[in-house]
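I opened a fresh notebook page for this one. My plan is to look things up piece by piece and write down what I find.

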Amino acid sequence: MKVTTLIKIIEECLLSVVYDDKEIDEFRYIMECWNDVEYLRSFYIEQKSHLNGAFYGNISVSEAVRITIEEAKELEEYIKRTAKKGKLDISYSLQSIFKPLNNNEYTINLHQKTKARGINKKSWLRVYAIRIAPNMFVITGGGIKLTKTMNESEHLKRELHKLELTKSYLKEVGLLDENDYQFLEF
Amino acid sequence: MAVNDIEGKLKQIVPKESSKWIEDAEWRSENEVWLKKSQTIAFKILERIDELNFTQKILADIMKVSPQHISKIVKGKENLTLETISKLEKALDIKLINIENNNTTHINIQQSINISIQQSVINIYKEKSNIQLNASKNEIFIGPIKLIA
């Protein structure tokens, strides 16, 4: 798999990767999946053991599908709203949604790997992105996280790979914001 | 290589056209009410297909529609007609939507109440003002002004 191109999601602040294994960009693709009953039902049947684990209690497949579609809508609206606000006021930037991928990371790094999660506290939706500036991110993919760590699940391991792939691509093409150096800690 | 002008760099590497996501999101938002119903029906269909050990292809053959049509239905993105719902119900031997006859009666009673209220209002207006009705021509006169329904 390799990066074909980047595409604009929201002018001047949000981009998404197009990989060579799909015709559409990753953000559009995950939102399509998270609104597709057939895809979601198959996914949750396959992941039933995680769905009925200790963290989420005992959620039926049909309930999981319904929750996902609702949360996906909330999340896409939240991202859209924040990106637009962030153009005017940095304190509302996308950086307030996209947090470092590693929960123990408290500093901002160059081309940092980040994640945005659904609005609800227990939301399992994740959108993964690389940070360019406080209000500029490149979405690399997304997933439904039912396990404690990404490494416990095959589909989330792929997302880790995509994050790494995109980070290398962005370094290679030199997409970074020099004005952002004031925020960075090396 | 660092760049001072990030906008310039973006112009170099990012195509002009944007993702179609925004159009998808707007479409989902505009059609939210019926999409929710379509998604509930899609789930029921998928459960029933599994129960009967059917495939989507078998269902398409029984209904004499294309497999692509069934695929769209089970994704929960199809604005289903009553005809399609009836065909699905017959092919799968399942009830997908429930329309009670009692509701129809209720609507009729409500309509009668509404009509009778409207008639009372018109009668009051006729008594209190210079409104004249010519029902046969669907015309209403308010003083010199003629309204045609």
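In which helix of chain A does A:E154 lie? I looked it up: A:E154 lies in α5 of chain A, a helix of residues 154-173. I note here that I am working with a predicted model.

**Entry 1: A:E154**

Next I asked whether A:E154 is buried or exposed. I counted C-beta neighbours inside 10 Å and got 7. A residue is exposed if that count is 12 or fewer, so A:E154 counts as exposed. I also checked a distance from A:E154 to A:T107. The two residues are 47 apart along the chain, and their C-alpha atoms are separated by 28 Å.

**Entry 2: the sheet of chain A**

How many strands form the sheet in chain A, and in which order? I found 6 strands in an open sheet, and the order is β1-β2-β6-β5-β4-β3. The pairing is mixed. At the edges I found β1 (3-10) and β3 (99-100), each of which pairs on one side only.

I reminded myself that strands of a sheet pair through backbone hydrogen bonds, either parallel or antiparallel. Then I took one pair from chain A, β2 (residues 14-19) and β6 (residues 136-144). These strands run parallel, and 3 bridges join them. Which residue of β6(A) is the bridge partner of A:L14? It is A:F137.

**Entry 3: helices on the sheet**

I then looked at what packs on the sheet of chain A. Helix α5(A) does, and it touches β1, β2, β4, β5 and β6 of chain A. The direction of α5(A) makes about 165° with that of β6(A). This is the helix in which A:E154 lies.

Helix α4 of chain A (residues 61-88) packs on the sheet too. I listed its strands: α4(A) touches β1, β2, β4 (113-117), β5 (125-133) and β6 of chain A. Its direction makes about 15° with that of β5(A).

**Entry 4: chain B**

I moved on to chain B and counted 7 helices and 3 strands. From the N terminus on, the helices come before the strands: α-α-α-α-α-α-α-β-β-β. Chain B has 149 residues, and 13% of them are buried. I also took the contacts in chain B between residues at least 6 apart in sequence; 44% of these join residues at least 24 apart.

**Entry 5: where the chains touch**

How many residues does each chain give to the contact? I noted 23 from chain B and 28 from chain A. On the chain B side, α1 (6-13), α2 (21-30) and α3 (32-51) each supply at least two residues. By class, that side of chain B has 13 nonpolar, 5 polar and 5 charged residues.

Note on methods:
Residues numbered from 1 in each chain as written. Chains lettered and ligands numbered in written order. Predicted model: local features only at pLDDT ≥ 70, side-chain atom pairs only at ≥ 80, totals over all residues. Helix = DSSP H or I, 4+ residues; strand = E, 2+ residues; numbered from the N terminus. Buried ≥ 20, exposed ≤ 12 C-beta atoms within 10 Å, placed from the backbone. Contact = placed C-beta atoms within 7 Å. Nonpolar A, V, L, I, M, F, W, Y, C, P; charged D, E, K, R; others polar. Pairing = 2+ DSSP bridges. Axes fitted to C-alpha atoms, helices over the stretch in contact; angles between N-to-C directions.
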